[in-house]
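The following exercises are meant to be worked through with the sequence and the coordinates at hand. Each task is followed by a solution that goes step by step.

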2 protein chains.
Amino acid sequence: MTARGQREFFTVKTVSEAMSGFRPARRTPVETIALDDALGRVPAESIATPHALPGFGRATVDGFAVRAADTYGASEGLPSYLDLAGEARMGRPPEEEVRPGTAVAIATGAPLPPGADAVLKIEYTQSPTPELIEVLRPATPGEGMVRADEDAAPGAELTRPGRPLRPQDLGMLAAAGITDVPVHARPRVAIISTGDELVAASTTELAPGQVRDSSAPALAALIREAGGEPSFGGIVPDDREALTNTLAATLRKGSDPFRRVEGSLPESDGCDVLVVSAGSSVGARDETAAAIASLGEPGIWCHGLSLKPGKPTLLADVGGVPVIGLPGNPRSALVVFRLIGMRIVRIVGGCTEAPPEPTVQARLTRDLPSAAGRLDIVQVRMSGEDAEPLFGSSSLLSILTTADGYAVVPEAATGLAAGTEVEVILYR
Amino acid sequence: MTARGQREFFTVKTVSEAMSGFRPARRTPVETIALDDALGRVPAESIATPHALPGFGRATVDGFAVRAADTYGASEGLPSYLDLAGEARMGRPPEEEVRPGTAVAIATGAPLPPGADAVLKIEYTQSPTPELIEVLRPATPGEGMVRADEDAAPGAELTRPGRPLRPQDLGMLAAAGITDVPVHARPRVAIISTGDELVAASTTELAPGQVRDSSAPALAALIREAGGEPSFGGIVPDDREALTNTLAATLRKGSDPFRRVEGSLPESDGCDVLVVSAGSSVGARDETAAAIASLGEPGIWCHGLSLKPGKPTLLADVGGVPVIGLPGNPRSALVVFRLIGMRIVRIVGGCTEAPPEPTVQARLTRDLPSAAGRLDIVQVRMSGEDAEPLFGSSSLLSILTTADGYAVVPEAATGLAAGTEVEVILYR
């Protein structure tokens, strides 16, 4: 029986090998959505403005549109005098031209009249009569205004493909009149939970030995954070035939008599990424691997990652659908999915620039042991600038809920000593 | 006319005064939602587990449940022998007891049989016959298992009120069988845009002097990021009567003949927070202030913030609804709303712990001038560890879309010199 523990992992890879080597080619199709729904969505192409922005010269101060040359040399002691030739109205085409020796009253945001090349702040003027202004300071060309193409030249790129849209990007698109945006469809990510011990979270009374499926709702949340649309393929017992049927049905969008689907996540209906939250015992993991291997080419890419927690991770490609087999322990499953799974969901969803994550520099309060070649993820609780490592079984979810974030012991390190400065990635 | 520029701001406050002094008492009501929809939502109360988690002692390794005392002194040279008394089955109540001198086979996750106080890894055993195991290493009590209450004791708090729910929190609630969560309703945040120059983003052809409303969609996105539900009260001309009517109707959830509502945001139907994206000229801002002042008590709290960009900010309370009057320039409006508005939306939505923001330490490539007592927000583009400040009119949205984040010149500083280490808050 010892031999079984050793043949458990066939093709162990490092996390960096998995990051660089397991890159699915699959991309979701492009769909066009309303701008108001586009926050965080991933543009499928570069979007350019059809015309210059703001589109006309605009005052950026309240004052007078002038020809700057008419004001050269003006001072409080020796003002220049300009005839007031009218007022530029907000939101209307300019009615007056600024001819030499004249000025036009203008408010912030109003269009610059023809002839003007600067706007003089009202504070730098006096109005001795309603028809005349005294200029107390010279204006320089371009002062107090923005040019017609200063926000964007015609054809300028407003958003890059692959970077999720931020609030200001939506504003810029709206300014250009772009109210429909071509984006990658959200990847449909199906979750299948396996394990004879698992029951739905809605189960009120547990029999001894039963546990509720805590991984599926947490994984669904991580999938949403990565821009995916989670669905639930059900809880499957640790039985190769049942598992194979459910996996095949989920990949094929068929129906499957084996699955028990409960809760408010939608049922899966085909998928772009398949997540198997595997049974926790060695035997259950072997069954998962065998079931995935039986489904199709090219099949299993790695079985086992040099990662703690998270060694029993399986990465596969079944007919172009990336399959992520997660460890059965909830904490391990969530660590692996945050590290590897969210990245895969983003790739499939066309995202090439993940949003930055919150981090903080902190000092370890205790030693973190590790092994060379293995990546360790250690949850920490922050206290001022101290990061206190939280140790315990990878079956304990409470370590994740107590933690403020996590530190990483890199593959090259054999551990980190207490007092070491580390970067803590904060949960949000 | 110079006097007008000076009477523009009646009650200028510092940003720190606004942060500490303008704290609305309003809170949204509590609603109960499904766990699967609860990511990022704000629990309205402390939620405790009704029973211990995992609820029974569980193996965390594959091996044999034993009485640790039976293995004391065991070694490869002098093994202990235990009778194999059966197997603990996954998801089922234990059938066998571990009596002195016996062991029960057990897989990771299976319930610990009565009598056992440790699980010995399979690697530390041999099986000379099917009924006997050889123990090659002693087990210590508690090894290879978790206790019935190790993830949570009965009554332990699983989530704190006021902190938005994270993926792992949803997992923990599911483990405890809590599938409905009492949360604060999303604050309904109405946006009203004012300005004679503004037209809806859907306007295809602009007349000279017209600009599309770019602030409303960007503000709606920031409101969503803060947990609010945006609605749109329409574009209102710079006319006190029209503005007063629209404000009153939006606060009262009435209908209003003045407003022009276009686009896919829902129309406002009453609100918990009112955002007025004000006209950009001094005159338009005066009208906004007058309209708000006419609506009710206690009225305007501050008119003008020591903030750049963003001075023409108005904070008010109309009958218990916080009102945020934003500057007309889109960049200023978004800076102010990110700093002040999102905070107010969170407070009203019961959020007392905002999620951490991504930051990075960087070196300024240029001097940032400021004035003592004024907070400056400066957009920067990152290049390695360098933060390059982006300067330009506060009417330019492109500064925000080009930027990777922003640096803050604190109120106490009169500026920051090139080369200074600053914290950059990254946009995501």
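**Exercise 1. Decide whether Glu197(A) is buried or exposed, then place it and list its contacts.**

With a relative accessibility of 5%, Glu197(A) counts as buried, where buried means under 20% relative accessible area, exposed over 50%, and partly exposed in between (1.4 Å probe, protein chains only). Before going further, note that this is a predicted model, in which local features need pLDDT of at least 70 and side-chain atom pairs count only at pLDDT 80 or more, while totals for chains, interfaces and linings use all residues. Side-chain values use heavy atoms, with hydrogens and water left out, residues are numbered from 1 along each chain as its sequence is written, and chains are lettered from A and ligands numbered from 1 in the order in which they are written.

Next, the residue is placed: Glu197(A) lies in the loop between strand S14 (188-194) and strand S15 (198-199) of chain A; helices (H or I, at least four residues) and strands (E, at least two) are DSSP runs, numbered from the N terminus. Finally, leaving aside neighbours within four places in sequence, the contacts of Glu197(A) include Gly209(A), Asp238(A) and Ser280(A), together with Arg58(B), Met90(B) and Gly91(B), a contact being heavy atoms within 4.5 Å.

**Exercise 2. Find which residues Ser214(B) touches, and state where it is found.**

Ser214(B) sits in the loop between strand S16 (211-212) and helix H4 (215-225) of chain B, and with a relative accessible area of 7% Ser214(B) is buried. Not counting residues up to four places away in sequence, Ser214(B) touches Gly171(A), Ala174(A) and Ala175(A), as well as Pro330(B) and Leu397(B).

**Exercise 3. Work out how many residues of helix H3 of chain B are buried.**

Helix H3 of chain B covers residues 167-175, and 9 of the 9 are buried, so the helix is largely enclosed by the rest of the structure. Among them are Pro167(B), Asp169(B), Leu170(B) and Met172(B). Just after H3(B), the backbone at Gly177(B) takes a positive phi of about 80°.

**Exercise 4. Locate two cis peptide bonds, one in each chain.**

In chain A, a cis peptide bond joins Glu297(A) and Pro298(A), with omega about -10°, and Pro298(A) belongs to strand S19 (residues 298-303). In chain B, the cis bond joins Leu53(B) to Pro54(B), with omega about 0°; Pro54(B) is in the loop between strand S3 (47-48) and strand S4 (58-59).

**Exercise 5. Determine what rotation superposes chain A on chain B.**

The superposition is by least squares on the C-alpha atoms of residues with pLDDT of at least 70 in both copies. It yields a rotation of 180° with 0.0 Å of shift along its axis, at an RMSD of 0.0 Å, which is the relation of a two-fold axis. The same surface serves both copies, as 100% of the contact residues of chain A recur in chain B. Of the residues of chain A, Pro358(A) comes closest to the rotation axis, at 1.7 Å (C-alpha).

**Exercise 6. Assess how chain A is built and how spread out it is.**

Chain A has 8 helices and 29 strands. Its radius of gyration is 31 Å, well over the 22 Å that the globule rule gives for 428 residues, so chain A is more spread out than a compact globule; the radius is taken over C-alpha atoms, and the rule is 2.2 Å times the number of residues to the power 0.38. Along its principal axes, the C-alpha trace of chain A spans about 100 × 55 × 40 Å.
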